[in-house]
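Okay, thanks everyone, let's get going. I'd like to walk you through some charged pairs and then the ligand site, so have a look at this one with me.

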Amino acid sequence: MLGRFITFEGGEGSGKSTQARLLAAQLSRVGISTEITREPGGSPFAEALRAVILDPNMPQHSALSEALLFYSARADHLDNTVRPALNAGQWVICDRFIDSTRVYQGEAGGLPGEIIDVLNHMVVSPTFPDLTFILDIPAELGLGRAHSRRVDKVNPDTEADAYEKRDLAFHWKLREAFREIAAQEPERCVLIDATQEPDAVFAAVWRAVEARLLAPAR
Ligand code: T5A
């Protein structure tokens with residue numbers, strides 16, 4: 001039996017990685033084997049591209065050039081990590097996926113949605129997420145968390161990445177675009193108030209997993 005594919009989306013510092021880890025641990029407690037992964041990255045080639053994509057000193061380039069890099073990484077990640085795990089019956093939890101492209105390069109970056117549709121058809125189909133959590137947080141709060149996480153690290157990569165460096169208006173646009181996706185696709189997406197404590201956020205995540213993925217299988 002195929003595993004289930006769950007993605008976490010949202011702005012910078014909204015708690016995606018934290019919630020992805022909590023979900024993997026809880027699924028393993030109930031006996032479900034999981035693969036936890038991320039984008040950009042998640043396979044050796046895609047991780048190499050991640051370093052290029054997030055380099056804050058990269059020369060100016062278009063949203064299309066950027067999107068094609070993401071989809072190059074995504075094709076490799078899907079082929080070498082996501083699909084093999086799903087085919088082996090594991091559940092895959094991915095920190096960011098196609099909604100990030102639609103929001104960052106599309107809505108905020110100006111790339112037409114039709115181009116993203118074509119890329120999804122070429123690269124992603126039929127491996128679309130079964131369930132997507134959109135962690136909703138005011139831009140200032142998320143950026144503040146991302147910043148304090150960086151300075152907390154023992155061996156920090158202190159520089160903000162290319163996206164964290166964008167202005168506040170850009171980050172507010174991201175928030176609105178993520179909320180819009182959640183409103184348009186309620187059968188796939190669950191919008192969660194990410195300003196709550198991590199345990200409260202996770203309680204909402206787990207309720208949705210039980211209701212949408214576990215209960216129907218029983
Ligand atoms: N991107 C990505 C695109 O432009 N297009 C695409 O198609 C894709 C896939 C990735 C960048 O790439 C862009 C978007 C991104 O800018 P990244 O380094 O992976 O860059 O950055 P993010 O995905 O934004 O991840 P972050 O690590 O910044 O944030 P998370 O994962 O949302 O947050 P997390 O869990 O690491 O938490 C951040 C800090 O807050 C604390 C944590 O302990 C941590 O210190 N925290 C909380 N504090 C209080 N309350 C809570 N509920 C908390 N939850 C976590």
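Quick bit of vocabulary before anything else: I'll call a residue buried when its relative accessible area is under 20%, exposed when that is over 50%, and partly exposed in between. And keep in mind that this is a predicted model.

So, salt bridges. Side chains of opposite charge can pair when their charged atoms come close. In this structure there are 10 salt bridges, and I'll go through some of them.

Start with Arg179 and Asp136, whose side chains meet at 2.5 Å, N to O. Arg179 comes from helix H7, residues 168-184, while Asp136 belongs to strand E4, residues 131-136, so this salt bridge ties together parts that are 43 residues apart in sequence. Now, are the two partners buried or exposed? Asp136 has a relative accessible area of 9%, so by that under-20% cut-off it is buried. Arg179, at 33%, counts as partly exposed.

Next up, Asp117 and Arg102, a salt bridge at 2.7 Å, N to O. This one links distant parts of the chain: Asp117 is in helix H5 (residues 113-124) and Arg102 is in helix H4 (residues 98-107), with their positions 15 residues apart in sequence. Asp117 is partly exposed at 42% relative accessibility, and Arg102 is partly exposed too, at 23%.

Then there's Arg38 with Glu47, where the closest N and O atoms are 2.7 Å apart. Arg38 is partly exposed, at 34% relative accessible area, and Glu47 is partly exposed at 28%. There is also a network of salt bridges, joining Asp99, Glu185 and Arg188.

Okay, on to the ligand. Where does it sit? In the largest pocket. Which elements give two or more residues to the shell around it? Those are helix H1 (16-29), helix H3 (63-87), H4 and helix H6 (139-152). H4 gives the most, with four residues.

How many residues surround the ligand? There are 27, and the closest are Glu12, Lys16, Ser17, Thr18 and Arg149. Looking at polar side-chain atoms, Thr18 has an N or O atom 2.5 Å from an oxygen atom of the ligand. For Glu12, a polar side-chain atom lies 2.6 Å from a ligand oxygen, and for Arg74 that distance is 3.2 Å. As for cover, the ligand taken alone exposes 1,000 Å², and the protein buries 85% of that.

That's my tour, happy to take questions.

How values were computed: Residues numbered from 1 in each chain as written. Predicted model: local features only at pLDDT ≥ 70, side-chain atom pairs only at ≥ 80, totals over all residues. Heavy atoms only, no water. Salt bridge = Lys/Arg side-chain N within 4 Å of Asp/Glu carboxyl O. Buried < 20%, exposed > 50% of the residue type's maximum accessible area, 1.4 Å probe, protein only. Near = heavy atom within 4 Å. Polar contact = N/O pair within 3.5 Å; in protein donor to acceptor, adjacent residues only side chain to side chain. Areas by Shrake-Rupley, 256 points an atom, 1.4 Å probe, with all protein chains shown as cover. 1 Å grid on protein atoms, 1.4 Å probe; cavity = no way out; pocket = protein on both sides within 12 Å on 5 of 7 lines; lining within 4 Å. Sits in = over half its atoms within 2 Å of the grid points.
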